[in-house]
Amino acid sequence: MNNVTVVDHPLIQHKLTIMRNKETSIAGFRRLLREIAHLLCYEVTRDLELEMIPIETPMSEMMAPAIKGKKLVFASILRAGNGLLEGMLDLVPAARVAHIGMYRDHATLEPVEYYFKAPSNLQDRLIIVVDPMLATANSATAAIDKLKERGANNIRFLCLLAAPEGVARFTEAHPDVPVFTASIDSHLNELGYIMPGLGDAGDRMYGTK
Ligand code: URA
């Protein structure tokens, strides 16, 4: 699929298997999500442009590579996005953060926005939107609409699991936004859950039901 990268590193796949297991504890689930976020962050930032800057080591002056351009923005779709966000911030602590509050109306499966807070100058920054589950893609699509309305013009989307239906809908709505995921699962069930999936990511992270 165009514009979709499945990051199938063995460490990610192994950790994902443990996360899928319904016997995995809340603490284990949270820790693994953070660890996988590190590995996915490494991939999603792989092609960032570098520039050479002058520094002094204890031994001599040198020109050394540093990431070029404005600070990255990580945009977390609440609430499950925060699980990935934590791991991303471990690797890029200076990133700016946007929070986008969306919940799925369980009857219509449509996204309802209840919160939006983002850095004011989104233009020309790389924005990495994070949400563990790309299911119907309703929330992800709406979140990216909102970011584009605020001037965002360089966006990537990072999730843990995707459904083929969600990927199709998302890439049709936002063909300019590359998707990174650890797996594309079989299908969505009639309640909009990814099959075989891992259940409700937010509930498994926070122990709610
Ligand atoms: N959101 C989840 O947390 N799980 C799914 O399977 C689909 C959407």
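Student: What makes a residue part of the surroundings of the ligand in this predicted model, and which residues surround the ligand?

Tutor: A residue counts as near the ligand if its C-beta atom, placed from the backbone, lies within 6 Å of it. The residues that surround the ligand are A80, M133, A135, Y193, I194, G197, D200, A201 and G202.

Student: How is the shell around the ligand divided by class?

Tutor: The shell has six nonpolar, two polar and one charged residues. Gly counts as polar and Asp as charged, so G197 and G202 are the polar members and D200 is the charged one.

Student: Which residues of helix α1 are called buried, and what makes a residue buried?

Tutor: In α1, residues 10–20, the buried residues are I12, K15 and M19, and the term requires that 20 or more other C-beta atoms lie within 10 Å of a residue's own.

Student: How do you know that they lie on the same side of α1?

Tutor: They cover an arc of only 75° around the axis, which puts them on the same side of the helix. An α-helix has 3.6 residues a turn, so residues three or four places apart point the same way. The buried residues of α1 pack against α2 (26–44), while the exposed residues P10 and H14 are carried on the face turned away from the buried side.

Student: Why are β9 and its neighbours β7 and β11 said to pair?

Tutor: Pairing takes at least two bridges between two strands; β7 (127–130) and β9 (155–158) have four, in the parallel sense, and β9 and β11 (179–181) have two, also parallel, so both cases satisfy the definition. L158 of β9 is the bridge partner of V130, and F180 in β11 is the bridge partner of L158.

Definitions and conventions:
Residues numbered from 1 in each chain as written. Predicted model: local features only at pLDDT ≥ 70, side-chain atom pairs only at ≥ 80, totals over all residues. Buried ≥ 20, exposed ≤ 12 C-beta atoms within 10 Å, placed from the backbone. Arc of directions from axis to C-beta. Contact = placed C-beta atoms within 7 Å.
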